[in-house]
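Here's a protein model to explore, a few pieces at a time. Have a look at the structure first, then read on.

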Amino acid sequence: MRFVRRAFLYLFFLGLLAGVVGIGTVGWAFWEYGKDLPDYKYLADYEPPTSTRVHAGDGRLLAEFAVEPRVFVPIDAIPRRVSQGFIAAEDQHFYDHFGVDLQALMRAVVTNVVHYLQGRRVIGASTITQQVAKNFLLTNEVSIRRKIREAILALRIERAMDKDRILELYLNEIYLGYGSYGVAAAALNYFDKSLDELTVAEIAYLAALPKAPNNYHPIRRREAAIGRRDWVVGRMLEEGYITAEEAKVARAEPLDVKTHAEIDLVDAGYFLEEVRRELDDRFGESGLYKGGLSVRTTLDPNLQEIARSALRDGLIAYDRRHGYRGPVGRVGSDEPWHPALTAFQKPSGALNWDAAAVLKVHANSADIGLPDGSTGTLPLAELRWARKPNGDERRTVGPSIKQVGDVLTAGDIILVEPVREGPPAKEGDPPVQYPEGTYSLRQIPEVNGAIIAMDPHTGRVLAMSGGWSFETSQFNRATQALRQPGSSFKPFVYLTALENGYTPATIILDAPFVIDQGEGLGKWKPSNFSREFYGPSPMRIGIEKSRNLMTVRLAQAIGMEKVAETAERFGIMKNMPAQLSMSLGAADVRLIDMVSAYAALVNGGKKITPTLIDRIQNRNGRTVFRHDERHCEGCDAAYWDNQPVPQLPDVRPQITDPASAYQIVTMLEGVVLRGTGRRIAEIGKPLGGKTGTTNDAKDTWFIGFSPDLAVGVFIGFDNPIPLGHQPWGGQETGSSVAAPVFKSFMEVALADKPAIPFRTPPGIRMVRIDAETGKLATPSSGKVITEAFKAGTEPGAKSDSVIISGTGAPILPVVSEDGPVVNGQGAVDTSPIPSSLPDSTGATQPQTAPSGLY
């Protein structure tokens, strides 16, 4: 008995010692392996990296920004059967264990001993919680150490989260092959379905993938994939998640993988890059690529396509006028053409054009070979534009093309595009119809440009293209390029005058203007584009005909300080130098700022802020940014019960008098009807706008608007050089280069829109006047127009006032029955012409304006 007692005590103390050692070992293991793991407080706030999705204004998906392409779906939105499929396949005791399934672990230990002796692969016993834990670890190493750390972290996760939250993380975190992170992405990538559209068989297949997606590839390892799917179907049946009939149907269903439907992509690389930069500025790189933001942009896909095509067509048209720069490659004389063409690297920026080898040259056509081994024909009519550049500063071209051999030789590698219609045989005839296999010669333009379309009432950018090809150059000429706007700035000089007592009928002398710039600087002598002088002319003519001398004289009369203040008020430029050259558009500005300034004219003088983003929501659907921050009282009503329609407040700052803005709008409408933008009038809708051309035609612009759409176009070389002369004579200008792009855009954009007139504000009197004299119209008037005047400023019966300056004499008032012309302070300006003009610091600067702005 004593022996038994001693043995019992010995065994007791031995067990106690073993327990203490075991507990100590476990405690040490938890401390040693868990000391650098995240604690439960961190885990409670964990969110998996999720894609930021960018949508167009109509809801169309434009792009995703992500480290791991993942669509996060809350557990409440995941169909219950999807969750059950993964639980059945991966962790049938998920809702019962505390993070580690001891029963499954012991079973795995016994099974792995047998597998080890048989040389077979060991199996795991990771729970869903442990698989979530694995995503917190730095590596996927197979070791005891990692498994211990995984178990410790699983216990902490169970302490930090409830089961549904853990399952939510798991279903959104796991990688399921095919570039699919999470079940929602996998459903799209494998079956082109949302989660609620999946069949039992499809759910079972997805649930079969977490352990090793490549082992169950639906095409390369189809039999293994079907076998594993059917095993999951059996597990779902065993757990009672599906009926026997459903299991039978699921096993009989073929494993058909459907390619994810092609997204109707919008070519908006420049727009999307601007959006990406703004998101990065607001949320940082992590928020952008992992934050799961939902971004609704202002982009109108239809207008974007119109803008992109119009700009590219305009760049091609200009480029063709200035000659063909030759083939992009050559095939050796003793080299087979097809291997050489296949190996040829097509130039960046060639878009969807094909590289082709010239096989044989005839007088009126060329035989060409294509990359797919087929052949085609290039007719003479499709390369008559390809005259040889002369290489001079005027960018002139050589003689006209008489035969194909004047352009091409056998062995040339050229860029071509299939065409079905050609130019008519003579004017008035229909286009020539080409047979299948006919191609046209193409060339990547060297010139570049930009176009922006904007809602003038809100500042929403509806379309933007910042260059020929985003893949070739990501520099956005719409938002990043600083270029001289030329005469497209003049409306803001004339607006300043209207704000200071002048009218559209005020007479301004168009005559030589000279300023002595100081010792050693010479004289500044601006001139009109035509190099002619036209004498006294109404102010309206100064804009319509883009008269430089009238503009400079007017700017001097009202003071450049006021013009600079207008430029800043409209967001064109801050701290503009108070130099007369600035009145002709010599400052460097951005296209987007000029378009928003014109938008403020057509919307009645309301300042707007350009925006590319309407709204941003976080991963939980909460709005974290909204461009329109107005509060609408009553807009959240649950239903309509005959209550008044809510009125949204107008919080846009009024930056000019609506009447002054309307007067400029009508003057810019005159530019289209009678002035430098006459070709735009062919559209047949109310439109206004202004051309702009800098000295030597290094920059060309056209900025214009309809009552509800503001559009700006800029075209020029990135390294500013003259655009040269047209083949038929005359310098390239905003009218010949940029205006056709504006016209092409507006023709299509407004094709199905009614002809809405510009909105007239209160206080405007429409008076019939003589367009050439600015006087009230009489029966003997040759050209009569209806002019907009502010009430009380209508012209008298005899004449209006004349501004005379710029000849070395003081500004002389010309008295009429309405009195003398006055400056902005209401006094006659008789100050002498300064020898130089003060800049923004008060120092004097020489005039550096081009003399031929147009």
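What follows is a short walk through some strands, a helix, a buried threonine and a pocket. Keep in mind that this is a predicted model.

**An open sheet**

Let's start with a sheet of five strands. It's an open one, its pairing is mixed, and the order of its strands is β2-β1-β3-β18-β19. Which strands stand at the edges? They are β2 (61-65) and β19 (623-626), and each has a single partner strand, so one side of each has no neighbour in the sheet. On average, neighbouring strands here are turned by 15° against each other, if you ignore direction. Zoom in on β1 and you'll find T52 standing opposite F65 in β2.

**Strand pairs side by side**

Here are some of the antiparallel pairs, including the β1 and β2 pair from the sheet above.

| Strand | Partner | Bridges | One pair of facing residues |
|---|---|---|---|
| β1 (residues 52-55) | β2 | four | T52 and F65 |
| β14 (residues 507-510) | β17 (residues 535-538) | four | I507 and P538 |
| β12 (residues 448-454) | β22 (residues 709-716) | seven | A450 and F714 |
| β12 | β13 (residues 461-465) | four | I452 and M464 |

**Strands covered on both faces**

Now for β12, which pairs with both β22 and β13. How many of the seven residues of β12 are buried? The count is seven of seven. N448, A450, I452 and M454 sit on one side, with G449, I451 and A453 on the other. That back-and-forth pattern fits a general rule: in a regular strand, side chains alternate between the two faces of the sheet.

β12 also forms a hairpin with β13, with six residues between the two strands. One of the residues in the turn, G459, has a positive phi of about 85°.

You can spot a similar split in β14. I507 and L509 point one way, I508 and D510 point the other way, and all of them are buried.

**A covered helix with a cap**

Next up is helix α7 (residues 163-173). Is this helix mostly covered or mostly uncovered? It's mostly covered, as ten of its eleven residues are buried. The buried ones include charged-sounding names as well as greasy ones: K163, R165, E168 and E173 are among them, and so are I166, L167, L169 and L171. At the N-terminal end of α7, D162 acts as a cap, with a side-chain oxygen 3.3 Å from the backbone nitrogen of D164.

**A buried threonine**

T693 belongs to strand β20 (residues 688-693). Why does T693 count as buried? Its relative accessibility is 0%, and buried means under 20%. T693 also has company: a polar atom of its side chain lies 2.6 Å from the backbone nitrogen of G734.

**The second largest pocket**

Finally, find the second largest pocket, which holds about 520 Å³ of space. Its lining has 22 residues, and the closest to its centre are T458, H627, D628, V651 and R652. Which elements give two or more residues to that lining? They are α12 (269-290) and β19, and you met β19 earlier at an edge of the open sheet. By class, the lining has six nonpolar, five polar and eleven charged residues.

Technical notes:
Residues numbered from 1 in each chain as written. Predicted model: local features only at pLDDT ≥ 70, side-chain atom pairs only at ≥ 80, totals over all residues. Heavy atoms only, no water. Pairing = 2+ DSSP bridges. Axes fitted to C-alpha atoms, helices over the stretch in contact; angles between N-to-C directions. 1 Å grid on protein atoms, 1.4 Å probe; cavity = no way out; pocket = protein on both sides within 12 Å on 5 of 7 lines; lining within 4 Å. Points joined across faces, edges and corners; volume = space filled by probe spheres on them. Nonpolar A, V, L, I, M, F, W, Y, C, P; charged D, E, K, R; others polar. Buried < 20%, exposed > 50% of the residue type's maximum accessible area, 1.4 Å probe, protein only. Polar contact = N/O pair within 3.5 Å; in protein donor to acceptor, adjacent residues only side chain to side chain.
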